[in-house]
Amino acid sequence: MYLSLWPGKPYPLGAFWDGKGTNFALFSEHATQVELCLFDNQGRETRLSLTEVSNFVWHGYVPSIGPGQRYGFRVHGPFKPLAGHRFNPNKLLIDPYAKAIEGDIQFGEAIFGYAWDHPDQDLSFSELDDADLVPKAVVIDDSFDWEDDTLLQTPRHETIIYETHVRGFTKLHPEIPHHLRGTYAGLAHPAAISHFQALGITAVELMPVHHFLAFPGHLIDRGLRNYWGYDSICYLAPYSGYSASGTHGGQVTEFKQMVKALHKAGIEVILDVVYNHTGEGNQFGPTLSLRGIDNASYYRLVESEPRYYMDFTGCGNSLNVRHPQVLKLIMDSLRYWVLDMHVDGFRFDLASALARELYAVDRLAAFFDIIHQDPVLADVKLIAEPWDVGEGGYQVGEFPLLWSEWNGKYRDTVRDFWRGEDSLLADFAYRFTGSSDLYQSNGRNPSASINFVTAHDGFTLLDLVSYNEKHNEDNAEDNKDGESHNRSWNCGEEGETDDPEILALRRRQQRNFLVTLMLSQGVPMLLSGDEMGRSQQGNNNAYCQDNEISWLNWNLQAENEALLDFSRQLIEFRRKHPIFRQRKWFQGRAIFGSTVKDITWFNPDGSEMTDRQWENDYTKAVSIFLNGEEITTPGERGERIIDDSFLIFFNAHYEAIEFSIPEGLQPWEWAVMIDTQSDRFLNGTLRYTEDKPILVEPRSVMLLQRLG
């Protein structure tokens, strides 16, 4: 097949169809030759050598080539692993700027740049061609009728995040057609959207959808696969395995349709993105894309021994965010998902790795400087997982302006409080009020704190109250994987039980966690399925379980339906009352002349907490008054916001405790809205008017609303 090749342009990178032909552009600083490889429907390959090079970008324009064309690259250059170079033109390489990829990478010896059986291991050179194992990138037509769709820009303090998995959420849903289950289209189905709307969440945070390595060899050997998707291979292409529309570019349109449908329902889409490493792993990993395109430019190599990779992620490699082209790749990817795919925000996996200019984490790193100055990203949600596995990687509270963070200290403090561990009152108070100790000093607001008790990585909420130990045997790693210190409590018996007292306690503990989460200042994040008691049978690292362990079970039992109804009413209650989702910090004083502070902390006997107690005391019982007449920040149009006032009794003790209405609050009548001793949302069916102590049952929360 004869094809003309014109010089083309170095921008944009990737494959760009202009209606008449397609321009191809690839960055490689150290390559000596780049071949564009075009494949027909029978898999026959045509190679065109790109002879034009501008600023290390190899480019060419092919007339008549358009949407649906399958392609890849072969890159020539030195194979000198000891110097950090691993070029091997026998390996078909995926375009890092591809917007669609036709299928999964198949595991086999040929995808590795070295010979498996060679005594020099990764220093050897593989002669095997892997074109039949590596999926091809696909030229796409970017056009799509968004109609009037725009980013929703839900205010951060009004946001409630629901972390979920595209495949796992819909795979077993009985109201979604079989052919749509596990797909973007399935997540856009009315049955899925109705659950989100009924629950009251404002944003779905999708676990990785960038095209990833689904079948790494170490999992295939165990009969498993990469379910979570934290091994990205291409940062602009939605994973084709989640598409019901085929793999030849249809996944892009399907993803856009999903976003459009969710937006129409008032639900934002946040992507969990993995820019810290790729699925190519360390020196023994496969050569799939960046390693073969320009290993020394794209990856952080050990300076004294560039054969090896700096690994701040625990996944074998770290992207070289000190290199301008790597920063450009990340920024181009982020802008593409916002501008072309209408995504509302991002959660950055192991974000501390992106802040390592040299070895230490630097909050003034170039990555953050560029983000801060970018007008496209200025008003989307940016959420950091503020740690990595390297030294000094735990950086909760240290990210700059514009960023929110997964607040790991919130998770740990709340877990300890409800499992009965000795907890400093000050720690609990900081977490409940938005963690001002972490975020206030650098100019951020309570919405900088993404509050969570559970997430995909760890126990589900039900398992948190059902297991003391992890049970990851199904992962076939001798139960050595996953976190061993979970701050969990099984309530008296490990795992499944038919003891009615233990079951009742577990249900109450789940309600305790949910109430604490939804009444705390900051942005609550709910793990998918926690609202209805999902279990992973004690597996706290289900990254490789693409099965019923991870998928949501929609066959709700009676007690699960009660928890779901409680969760819905709790989220609606938070939505109705701005005192639980304030934009600014509590001040601990009266502002508008009500003579009562905006927030006050009391002992169970009604006496106000002393300075000594804040500094020294461990506590398992405390009451909090929130004054709805002293909300300091105005509404959207500058109006003063006035809400109801509330008194919250927290009792994490194993015995019932009597709480007294504080003296200054006694003249009022109080209605019980929540008592986690009950599986129902009470909504004021109980009232207190007399000046006498109120008995709060063991390990429970009671929320009273002031009347009149």
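Eight strands close into a barrel here, in the order 11-12-15-16-17-18-19-20, and their pairing is parallel. From one strand to the next, the twist averages 30 degrees. Two strands count as paired if DSSP finds at least two bridges between them. Strands (E, at least two residues) and helices (H or I, at least four) are DSSP runs, numbered from the N terminus.

A word on what you're looking at: this is a predicted model, where local features need pLDDT of at least 70 and side-chain atom pairs count only at pLDDT 80 or more, while totals for chains, interfaces and linings use all residues. Residues are numbered from 1 along each chain as its sequence is written, and side-chain values use heavy atoms, with hydrogens and water left out.

Let's zoom in on one pair from the barrel. Strand 17 (residues 381-384) and strand 18 (residues 403-406) run parallel and are joined by three bridges. If you pick out A384, its bridge partner in strand 18 is E405.

Strands of a sheet pair through backbone hydrogen bonds, either parallel or antiparallel. For the antiparallel kind, have a look at strand 22. Strand 21 (residues 599-602) pairs with strand 22 in the antiparallel sense over four bridges, and T600 has F625 as its bridge partner there. Strand 22 is also joined to strand 23 (residues 646-651) by six bridges, again antiparallel; in strand 23, N651 is the bridge partner of A621.

How covered is strand 22 (residues 621-626)? Six of its six residues are buried, meaning under 20% relative accessible area (exposed is over 50%, partly exposed is in between, using a 1.4 Å probe and protein chains only). Both faces are covered: A621, S623 and F625 are buried on one side, and V622, I624 and L626 on the other.

Now for a pair of helices. Helix 9 (residues 408-418) packs against helix 13 (residues 500-519) at an angle of about 140 degrees, with the axes 11 Å apart. That makes helix 9 oblique to helix 13, because angles under 35 degrees count as roughly parallel, over 145 as roughly antiparallel, 65 to 115 as roughly perpendicular and the rest as oblique. The axes are lines fitted to C-alpha atoms over the stretch in contact, and angles run from 0 to 180 degrees between N-to-C directions.

Which residues make the contact between helix 9 and helix 13? On helix 9 they are Y410, V414, R415 and W418, and on helix 13 they are Q509, N512, F513, T516 and L517. Contact here means heavy atoms within 4.5 Å.

A few loop residues are worth finding too. L350 and Q537 have a positive phi although L350 is not a glycine and Q537 is a residue other than glycine.

| Residue | Loop | Phi | Relative accessibility |
|---|---|---|---|
| L350 | strand 16 (345-348) to helix 8 (366-373) | about 45 degrees | 11%, buried |
| Q537 | strand 20 (523-527) to helix 14 (558-576) | near 55 degrees | 41%, partly exposed |

R44 sits in the loop between strand 3 (33-39) and strand 4 (45-50). Is R44 buried or exposed? With a relative accessible area of 52%, R44 is exposed. Leaving out residues up to four places away in sequence, R44 touches L38 and F39. From R44 to I549 you'd count 505 residues in sequence and 41 Å in space, C-alpha to C-alpha.

Last stop: P12, in the segment before strand 1 (14-17). The peptide bond from Y11 to P12 is cis, with omega near 0 degrees.
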